[in-house]
Amino acid sequence: MVGEKNSQHFFVATQDAALRTQMSSVSGVPLLRVVRGQLVLDPPSEASRTAYRKHEKDKTGPTPQQQEALERKRKELDGEDSGKPPQEPEQKKKRRVGPKGVNPLAMKKPKRAVGVLGAPKKKRQHRKRGKGAETGVLG
């Protein structure tokens with residue numbers, strides 16, 4: 001039922017030591033056993049761990065197409081730089097951030113200066129409104 005790869009994802013629960021050792025050689029088979037009336041899940045076998053490591057390595061590494069592209073790029077770079085020492089890419093200098101200025105909207109407006117040569121400025125004259133019919137008040 002389990003086969004060589006446990007494609008159906010079966011759990012095996014047994015008390016037989018020989019069957020447990022046989023199933024531990026198959027990767028991806030969780031083994032259960034009863035100890036003092038409780039079910040105990042055995043830790044993963046060495047075959048399961050190696051299969052997991054291989055799967056993770058395949059998943060995180062480059063695909064064959066990416067590997068070929070990397071090899072071509074390395075060959076191109078080696079051909080161009082033959083005899084030249086490898087150059088470090090330029091690094092931009094980080095600009096130092098100094099203290100920030102005052103918020104101009106929060107500052108009090110400066111008082112107006114007295115006019116030219118100390119003469120006071122002229123005041124604007126406002127027209128006074130009349131009372132009665134001109135103002136539009138009915139009454």
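Helices (H or I, at least four residues) and strands (E, at least two) are DSSP runs, numbered from the N terminus. The model is predicted: local features need pLDDT of at least 70, side-chain atom pairs count only at pLDDT 80 or more, and totals for chains, interfaces and linings use all residues. Residues are numbered from 1 along each chain as its sequence is written, and side-chain values use heavy atoms, with hydrogens and water left out.

**Exercise 1.** Determine how Lys 59 and Glu 56 are placed in helix H2 and which interaction they form.

*Solution.* Step 1: the two residues lie 3 apart in helix H2, which means that about one helical turn separates Lys 59 from Glu 56. Step 2: they form a salt bridge, their closest N and O atoms being 3.3 Å apart; the criterion is a side-chain nitrogen of Lys or Arg within 4 Å of a carboxyl oxygen of Asp or Glu. Step 3: Lys 59 is exposed at 55% relative accessibility, and Glu 56 is partly exposed at 24%. Buried means under 20% relative accessible area, exposed over 50%, partly exposed in between (1.4 Å probe, protein chains only).

**Exercise 2.** Identify the salt-bridge partner of Glu 46 and the network that contains Glu 46.

*Solution.* Step 1: Glu 46 pairs with Arg 49, with closest N and O atoms 3.3 Å apart. Step 2: these residues are 3 apart in helix H2 (residues 46–60), so about one helical turn lies between them. Step 3: a network of salt bridges links Glu 46, Arg 49 and Arg 53. Step 4: the whole structure holds 5 salt bridges.
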